[in-house]
Amino acid sequence: MKTISENRCFGGVQGVYSHASDACGVDMTFGLFLPEEAESGPVPVLWYLSGLTCTHENAMVKAGAQKWAAEAGIGLIFPDTSPRGEGVANDDAYDLGQGAGFYVNATEAPWAQHFRMWDYVTEELPDLVFKAFPLAEGRQAITGHSMGGHGALTIAMSFPGRFRSVSAFSPIANPSASDWGRKQFTAYLGADETKWAPHDATLLMKKRGFDGPILIDQGASDQFLDLLKPEALAEAMAARRQGGIFRMQKGYDHSYFFVSTFIEDHIGFHAAALYDR
């Protein structure tokens with residue numbers, strides 16, 4: 001692992017690191033914020049998964065999360081959204097290829113060789129960071145925005161007991177029924193829709209739900225509402241009697257102005273779960 005940068009931030013350290021990834025077959029970069037408490041021992045950690053076109057840097061720079069994480073004594077991990085570099089498959093469209101990994105393990109050419117973001121985010125990167133940094137593996141939470149909200153929800157529901165809480169900003173909530181999902185799932189996973197179901201938050205909510213609290217914020221003026229399909233997830237949560245909070249925020253769009261407005265709420269929500277027991 002290589003240190004790209006480390007900067008003092010709200011009493012803690014905001015770092016950026018790279019490492020050779022076996023899962024993706026290329027070097028991967030991630031951001032990690034450690035609060036001051038990490039100097040004395042392991043701290044709880046919140047994973048932040050970013051959306052389409054983003055790198056590890058977008059949320060790290062734009063969300064304003066470090067201030068609130070420092071006050072709560074929580075670490076923040078910002079993974080990249082896809083493998084990158086020469087020799088990695090790509091597409092001219094912004095919603096496929098580099099920057100658009102969708103947090104799945106691709107099985108179809110030309111994506112299968114490198115696009116194994118599910119294994120990277122759920123196995124390889126956790127194994128790396130919990131060995132290298134003072135983070136409490138037993139106190140994890142996860143959140144994300146848009147494509148990252150989709151990833152956060154599907155990962156949280158697929159690993160019972162790993163995450164104490166999950167939240168999302170404008171998640172792609174029902175990708176199997178959306179152009180933001182059908183296109184990518186066909187490309188990455190093939191035409192068999194039974195292989196898509198484990199990566200659809202609405203279908204997972206119907207099947208198994210989440211064993212902890214959920215918070216979802218959705219901008220009511222989001223320009224991508226028809227692609228996100230929040231109503232499908234809300235209906236699935238209600239039908240399952242899933243404990244959680246689903247908020248439509250009047251006037252807000254899909255941007256990081258929206259995320260930064262409500263990031264304090266989300267970190268406070270996760271802090272309550274991370275320190276509950």
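Me: What makes the lining of the largest cavity divide into nonpolar, polar and charged residues as it does?
Reply: In this predicted model, W47, V121, T122, P126, I142, I155, R162 and F163 line the largest cavity. Trp, Val, Pro, Ile and Phe count as nonpolar, Arg as charged and Thr, being among the others, as polar. The lining therefore divides into six nonpolar, one polar and one charged. Helix 3 (residues 117-132) gives the most to this lining, with three residues.

Me: Why is the space of the largest cavity called a cavity, and what is its volume?
Reply: The term applies because a 1.4 Å probe fits at its points but cannot get out. Its volume is about 30 Å³, and a search of the whole structure finds one cavity of 30 Å³ or more.

Me: How is the lining of the largest pocket divided?
Reply: About 170 Å³ of space lies in the largest pocket. Its lining residues include Y94, H145, W180 and H254. Tyr and Trp count as nonpolar, whereas His belongs with the others, which are polar. Over the whole lining, the division is six nonpolar, six polar and no charged.

Me: Why is helix 2 called roughly parallel to helix 9?
Reply: Helix 2 (residues 65-72) and helix 9 (residues 256-274) pack at an angle of about 25°, with their axes 9 Å apart. Angles under 35 degrees count as roughly parallel, so helix 2 is roughly parallel to helix 9. Their crossing is right-handed.

Me: Which residues make the contact of these two helices?
Reply: A65, W68, A69 and A72 of helix 2 meet I263, E264, I267 and A271 of helix 9. Glu counts as charged, and Ala, Trp and Ile as nonpolar; the contact therefore divides into seven nonpolar, no polar and one charged.

Conventions: Residues numbered from 1 in each chain as written. Predicted model: local features only at pLDDT ≥ 70, side-chain atom pairs only at ≥ 80, totals over all residues. Heavy atoms only, no water. 1 Å grid on protein atoms, 1.4 Å probe; cavity = no way out; pocket = protein on both sides within 12 Å on 5 of 7 lines; lining within 4 Å. Points joined across faces, edges and corners; volume = space filled by probe spheres on them. Axes fitted to C-alpha atoms, helices over the stretch in contact; angles between N-to-C directions. Helix = DSSP H or I, 4+ residues; strand = E, 2+ residues; numbered from the N terminus. Parallel < 35°, antiparallel > 145°, perpendicular 65-115°, else oblique. Left-handed = near helix turned anticlockwise from the far one by under 90°. Contact = heavy atoms within 4.5 Å.
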